[in-house]
Amino acid sequence: MSETPLVEKITSALISETPTNQILSDTYPLSTTQFNELLLAVTSELVHRPKLALTLAELLELFAKRDFATFEYIRVIGTKGKVFLGLRDYQKAFICFETAAMFFEEEEDWYRTSAMQLDQIYTLLMQEKYESGIQLAVETRQKIAKAGEDAVFLLGNLETNLGLINRRMGRYQEAIEAYDHAHLAYDSIGHTLGAAISLMNRAHLHTVTNQFADSETALNQARAIFETLDNQIELARVDMNLGTLAAQRSQYRLALQKLENAHKRFEDTGQLYEASFVDWHRSAIYLKLNLWEEAVHSAQSAEPGLRKEQKTAEIATLLVNRALALHRLKIDKQPDQLLEQARRLLRRLNNNTELWTVDAIRASIAFEQNQIQRTKRIATRLSKAVDAAFHPRLKTQLHLLLAQCAFSLGQNADALEHLKDAFVLVEQYQFWEEGIEVNSLMGDFHLKQGDAEQTAVYLTKAIEAIDFYRYALSHDEFQSAFTDDKLRPYQLLIENYHQQLDRPDHLLHIVDVINRMQVWPQSNQWDQTEETAVLQQEETQLLDSWHWLNNKLSENDAFTSKGAGVDSQHLIDEQKAVEQKLLAVRRRKQAFVVETDTPDATRDLAIKIQQRLKQDERFILYYEVADSYHAIVLLSTEMMHQPDLVKTAVLARLNQVWRLHIEDVEEIDDNDQRITQRYLASLYNKLIRPLTSHLEDCTQIYVSLPTAWQDLPLAAAYDGAQYLAERVAITYVPTPERLLQQTPLPPHQNVLLVGCSDNGRLPYVAEEIAQIETQLQALTPTVLLEEAATIQATQLAIQSATLIHFAAHVESRKDNPIFSTIHLYERPLTFSELSGMQIEGSPLVVFSACDTAVGAIKGSAVLNLGRAMLQAGAGHMIVTQWPLEDRAASDLMRSFYQHLTTEFRNVAKALQQAQSEAIKNGRHPFYWAGYSYSIG
């Protein structure tokens, strides 16, 4: 009988619960080779079936007593200790290791004695008996010295354990020294793996103590070793550490790239627990980027793996991450419950540091809920307990909380003292986030004191820090979401310059800076790497699933409308789950966007715009301060500042009434037209009439609006005799600087017309496309109509088109804008797919479709289908602010293209002429005012 089947036979017998006596009698006598194979099997089973490993070890203990000397029996006891260690029964493990160590010491086998004591030290570490571990380490070092040169490897292990103990105790310098000793020991015997792991341990400590350059150096040294060894698991760990280091340095895009690389390596090598740790880190980064849904999703992905491994401290952090994200999503009850769960876990671990952090978060949430006294009470208690030398960031955050409380209570002197203390720590440790808060609070204080100069100094520092880190992100949802909670310094600085009527140039500059946050690049190129190829494939598969579910829901809706009563809830739930996964993949993919140049901040922006303007052109910048709407008007020769146009609350009500009014457009009559004009006259009186003296002899205006107000129907503003669109051509500009960067409209060499009636839902689409084709026949346009308007054909033709026209049905998703769709022949095309296209030459894109400018504000930007095309590379856009009427849209587009060919390709002028023609034909503003032209 061969040896290996015996191991399989005994293992099977144990699994089938065969009595121990029978197994013993069936296996007599046991050879030394069989004994060693069974001992090896215990270790092998420990990885996947620890309980079976324990049963096998107990059986082997009986074999050793029966057939072998004491030495083999002690070997089993040592192995049994490792089984208890795997089962996290640290007390029993310690007893086994202690028993084995005592035997080997009596035998003066110093090597094995040292090995068993090392295992004892590790069990003490896991039980957080740190002082006992250090005391035993002193004794173990003596035993290793007696063992001679053969035990240098054990010395490396000992120093590694000491490093971990000192790190847990917050004794970082002692830990670094221990890891250095471990590195020397491993290096002296050529144990490259141990040396590299020592470098990684040291790097982690350098990261904790904010010594980022030293950490990066150590990690790259370790990486070089692991690459030589082709150790994919350790390479993944290096990438994970480089990712967390980048996150500590606020290099979030780089952090996500490194974590993506680590995640892929962990999955490829079957390290699913380690992969869950990557998601744990991603969750924390998404919190920093204000991507709340993604933070929750990553936390949920990480949780099963961490719970399986019983990583209590990490689970507590995960609960805190979820609580913060859900709080930002305004889900009220769950955050408190999750934070309390985290506190219970941390109390069980006696982890005061993390417990203090959780309590600081609770205090911060209380402040946001205007519970000032409660915030002050918690922050004061914590501040007394927290030592700045060991926890400088937490101490800084507590000073900031106490400063905010003091300002709220009118205790300015106390607030300034806390800010000064916070500022010292910010400068010493280079805490950029807290630095933004310190400077913002100081700026706010000086603004209220009327000190314009000091206000500008502090707020400019805050804004420079935000911009520095913002521009390190890709120019998409990362940037817009990142600024979501960082707009206050900009708004305060706008208010500061607003109060200085003699400094409208500075005001224009800072409004331009804040408006830049709305702007996406003209193209969105990805690094062509193995990682992005995998992500692209994953995204494509998920999109296919999403479209399949969307199609099924459409079919069910059709059945329901016929009275079939099909239950679609399971499909809706499944589609939402796919959307969550798609969002996660999209965010991971966005980490690989190619960097774009940081725009230059220019103080002479006003002069440059004036030089750009023709004599009959004006630039109007609207902005908000102190709950009111204001304007700056630039002419080619002068700059005018027009404050206090209208209260924002009044304007909001007016816009809301207008929106409600146009919902009933099908019932328009003469009386309705008069009511409409009354609304629009109010809009004109508030936003345009105060500027009329600056608009004389003006035929074209460029308008920049705040993010939340981009749906104002300015073209329809009514002066009592005329609509504004009858007097001037309007071009919307997301930011003043964009006017200077405007790309010229490319020659109409490759015209693409895409039309789809959505199964006859839009009966005039074919007529619209035919009319445009006739008007542009000299340009031999490419026409994709009905069954020709496929996804593949559109994606191919769009790449080289210089003018792109869409006439189709659109569904805008305000709840999740990247799943807004434009319906083509076989299926809808999503925002995500549109934005991923690569369009050359900054073409004009015309959307003759409903609600293409409708979206959701995400941070500092509005996400909608129009913005998706800007991201793909469009430079000029015509979008729509509300639903269209099919026939009226067809007529307006026919007129627009007729004028576009005769107006020297002036898009704004051509749209104005088309709108004027609709007005002359008695069309209600609903039919024409929803179209707007903007440059990207």
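These legends walk you through three close-up views of a predicted model.

**View 1. Helix α8 and the helices around it.** Start with helix α8, which covers residues 130-147. How far apart should the ends of this helix be? With 18 residues at 1.5 Å a residue, the expected span is 26 Å, and the end C-alpha atoms are 25 Å apart, so the two values agree. Now look for the buried residues of α8: they are Y130, G133, I134, L136, A137, T140, K143 and I144. Among the elements that cover these buried residues are α6 (90-106), α7 (110-126) and α9 (152-168). Follow the chain just past α8 and you meet G148, whose phi is positive, at about 85 degrees.

**View 2. T113, a residue of helix α7.** Here we zoom in on T113, which belongs to helix α7. Is T113 buried or exposed? Its relative accessibility is 0%, so T113 counts as buried. A polar atom of the T113 side chain lies 2.7 Å from the backbone oxygen of D109. Setting aside neighbours within four places in sequence, you can find T113 in contact with A101, F104, E105 and K143. You have met K143 before, as one of the buried residues of α8.

**View 3. A nonpolar patch on the surface.** Which residues make this nonpolar surface patch? L193, I197 and L229 do, and the patch has an area of about 200 Å². One of them, L229, sits in helix α12, which runs over residues 212-229. The relative accessible area of L229 is 39%, so this residue is partly exposed; buried would mean under 20%, and exposed over 50%.

Definitions and conventions:
Residues are numbered from 1 along each chain as its sequence is written. This is a predicted model: local features need pLDDT of at least 70, side-chain atom pairs count only at pLDDT 80 or more; totals for chains, interfaces and linings use all residues. Side-chain values use heavy atoms; hydrogens and water are left out. Patches are made of residues with over 30% relative accessible area and no salt bridge: like charges are joined within 9 Å, nonpolar side chains (Val, Leu, Ile, Met, Phe, Trp, Tyr) within 5 Å. Accessible areas come from the Shrake-Rupley method with a 1.4 Å probe; for residues, only the protein chains shown count as cover. A salt bridge is a side-chain nitrogen of Lys or Arg within 4 Å of a carboxyl oxygen of Asp or Glu. Helices (H or I, at least four residues) and strands (E, at least two) are DSSP runs, numbered from the N terminus. Buried means under 20% relative accessible area, exposed over 50%, partly exposed in between (1.4 Å probe, protein chains only). The expected span of a helix is 1.5 Å times one less than its number of residues. Contact means heavy atoms within 4.5 Å. A polar contact is a pair of N or O atoms within 3.5 Å; within protein, one must be able to donate a hydrogen and the other to accept it, and residues adjacent in sequence count only if both atoms are side-chain atoms.
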